[in-house]
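Work through the following exercises with the sequence and the coordinates open side by side. Each task is followed by a solution that goes step by step.

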Amino acid sequence: IKKFHEEQLPKSWITYRECGSILGQAIVPLERVGIYVPGGTAAYPSSVLMNAIPAKVAGVEEIIMMSPTKNGKINPYVLIAAKLAGVDKIYKIGGAQAIAAMAFGTATIPRVNKITGPGNIFVTLAKKEVYGHCDIDMLAGPSEILIIADETANPIYTAADMLSQAEHDPLACSIVITTDTNLAIKIADEVDKQLKNLPRREIATVSIDNNGLIIIAKDIAEAVEFANISAPEHLELLVAEPFTVLPKIHHAGAVFLGTYSPEPLGDYLAGPNHVLPTGGTAKFYSVLNVETFLRRMSLISYTKPALMNAAEDIKRLAKAEGLDAHAKAIQMRML
C-alpha cells in the first residue's frame, strides 16, 4: 500500500518566464487530518491502513483516528494497524458525534483540516453537514460490485465475488451483467449454495434478496453501457479479453481485470486504495489517494519589467469588471 501511494506523490515546481518572472506551484500537505474507522457490525483494520498510509506519504503532520467501541474497547487489530500506519492519536468515539468533534474541535479533541473514511448513513450525512467547515474525502454509501461476465466466466468465482460485497451490509449491492443465459442460471444457483455456509449469511441474504441482480445483456457493448451508467464502486471484468474492454470503461471506482483479480485483492493487499466512490459518484469522485491529503498553492513572482509588459492588459481587464482599485494597484507601480 505504501509503495503504491508513494508513486502518486506529486512534486512542487517552478518555471522561469520572460523578463525574470517566476511561476510555480507548491505542493503542501494538510496539517491535521481525521480518519474515521467503522466498528459496528465488523472491524476494519484495512480501512485504517487505506486512510492513514496515504496521509503519511503525503506528509500530514498529525493523524487522529475516531472509532466506535464494543464493550468499551477498540478492536486490537484496528489498534495495531493504527500503530503501524503512523496514527498519532486515537479517540474511542463513533457516529455523527465523532465527525462533529473532528470538524469543530472540543476541549479535548483537536479540529482537523479534513475528514476521510467510510461509515454508516449517520456518519456520511454528518460529513455532508460539516463540509465547508473542513474538507471531506467523499460521500460514500453502501458497498457495490458490478461484474461483467462473458461465457468464459467461472460461475463459482462470480458468485463468490457477488457475496464478497453482500456480506458487508444489508444495503450492499451486487450485480452481474452477462451475455450468457446459462451462466446466469449457474451463478444464481451457486449464490444460493454459497450463502448457506457464510457466517454473515443473514446480512448477505438480505443484500442479495433486495439488491442482488443478474442481468442478461445482448452483447458486451451493452453490458459496458449499463456499467458506465451505473458507475460502480468496484467493477470486475470476468471476460476473455479484459484489456480490450477496459478502454470502453469510463465510470468506476476501481476496475479488476480478469479471473485472478478479485475484488478482495484490492480491499487488502494489491496496493491501490479501497476507499472508493459509491452510488454513481464515480462519475465525478476519485478514489482516495495521496493528493486527497495535499493542497496546491500557486507561486507568482514578477520583476518590474515583467509587470510593465502586462500592466495595460491588467488595467483594461480590471476596468471592464468595474474594479478601479485593482487597476490603480497596477497604475501606482507604473509611475
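**Exercise 1.** Determine whether Ala231 is buried or exposed in this predicted model, and describe its backbone.

*Solution.* Start with the location: Ala231 lies in the loop between α9 (220-230) and β11 (234-238). Next, take the relative accessibility, which is 0% for Ala231; because buried means under 20%, Ala231 counts as buried. Finally, turn to the backbone, where phi of Ala231 is near 50°, a positive value in a residue other than glycine. As background, most residues other than glycine have a negative phi.

**Exercise 2.** Examine the loop between β1 and β2, and state for Cys19 and Ser21 whether each is buried or partly exposed.

*Solution.* Cys19 is placed in the loop between β1 (13-16) and β2 (22-29), and its phi is near 60°, again a positive value in a residue other than glycine. With a relative accessible area of 38%, Cys19 is partly exposed. Ser21 is found in the loop between β1 and β2 as well, but Ser21 has a relative accessible area of 1% and is buried. The surroundings of Ser21 can then be listed: leaving aside neighbours within four places in sequence, Ser21 is in contact with Thr15, Tyr16, Ser301, Tyr302, Thr303 and Ala306.

**Exercise 3.** Describe how helix α4 packs against helix α5, and then follow Lys127 out of that contact.

*Solution.* Two packed helices are described by the angle between their axes and the distance between the axes. For α4 (residues 95-104) and α5 (residues 121-130), the angle is about 25° and the axes are 8 Å apart. Since angles under 35 degrees count as roughly parallel, α4 is roughly parallel to α5. The crossing of α4 and α5 is right-handed. On the α4 side the contact is made by Gly95, Ala96, Ile99, Ala103 and Phe104, and on the α5 side by Phe122, Val123, Ala126, Lys127 and Val130. Sorted by class, the residues of this contact of α4 with α5 comprise eight nonpolar, one polar and one charged.

Lys127 lies in helix α5 and is buried, with a relative accessible area of 3%. Apart from neighbours within four places in sequence, Lys127 is in contact with Ile99, Ile115, Thr116, Gly117, Ile136, Asp137, Met138 and Leu139. To place Lys127 against a residue elsewhere in the chain, consider Thr244, which is 117 residues away along the sequence: the C-alpha atoms of Lys127 and Thr244 are separated by 38 Å.

**Exercise 4.** Apply the analysis of helix packing to the pair α2 and α3, and then to the pair α12 and α13.

*Solution.* Helix α2 (residues 45-58) and helix α3 (residues 76-85) pack at an angle of about 15°, with their axes 9 Å apart, and α2 and α3 are therefore roughly parallel to each other. The crossing of α2 and α3 is right-handed. In this contact, Pro45, Val48, Leu49, Ala52, Ile53 and Lys56 in α2 meet Tyr77, Val78, Ala81, Ala82 and Ala85 in α3. By class, the contact of α2 with α3 has 10 nonpolar residues, no polar residues and one charged residue.

For helix α12 (residues 304-320) and helix α13 (residues 324-331), the axes come within 8 Å and cross at roughly 165°. Because angles over 145 degrees count as roughly antiparallel, α12 is roughly antiparallel to α13. The crossing of α12 and α13 is left-handed. The contact draws on Leu307, Ala311, Ile314, Lys315, Ala318 and Lys319 of α12, together with Asp324, His326, Ala327, Ile330 and Gln331 of α13. The contact of α12 with α13 divides into six nonpolar, two polar and three charged residues.

**Exercise 5.** Find how many aromatic pairs the whole structure holds, and characterise what the search returns.

*Solution.* A search of the whole structure finds one aromatic pair. Phe284 and Tyr285 form this pair, with 5.3 Å centre to centre and 50° between the planes, and the pair is tilted. For solvent accessibility, Phe284 counts as exposed at 60% relative accessibility, whereas Tyr285 is partly exposed, with a relative accessible area of 28%.

**Exercise 6.** Summarise the chain as a whole: its secondary structure, its extent, its buried share and the sequence range of its contacts.

*Solution.* The chain has 13 helices and 13 strands. Taken along the principal axes, its C-alpha atoms fill a box of roughly 85 × 50 × 35 Å. Of the 335 residues in the chain, 44% are buried. Among contacts between residues at least 6 apart in sequence, 71% join residues at least 24 apart.

Key: Residues are numbered from 1 along each chain as its sequence is written. This is a predicted model: local features need pLDDT of at least 70, side-chain atom pairs count only at pLDDT 80 or more; totals for chains, interfaces and linings use all residues. Side-chain values use heavy atoms; hydrogens and water are left out. Axes are lines fitted to C-alpha atoms, for helices over the stretch in contact, and angles run from 0 to 180 degrees between N-to-C directions. Helices (H or I, at least four residues) and strands (E, at least two) are DSSP runs, numbered from the N terminus. Angles under 35 degrees count as roughly parallel, over 145 as roughly antiparallel, 65 to 115 as roughly perpendicular and the rest as oblique. A crossing is left-handed if the near helix is turned anticlockwise from the far one by less than a right angle, and right-handed if clockwise. Contact means heavy atoms within 4.5 Å. Ala, Val, Leu, Ile, Met, Phe, Trp, Tyr, Cys and Pro count as nonpolar, Asp, Glu, Lys and Arg as charged, and the others, Gly among them, as polar. Rings of Phe, Tyr and Trp (its six-membered ring) pair if their centres lie within 6.5 Å; planes under 30 degrees apart count as stacked, over 60 as edge-to-face and the rest as tilted. Buried means under 20% relative accessible area, exposed over 50%, partly exposed in between (1.4 Å probe, protein chains only).
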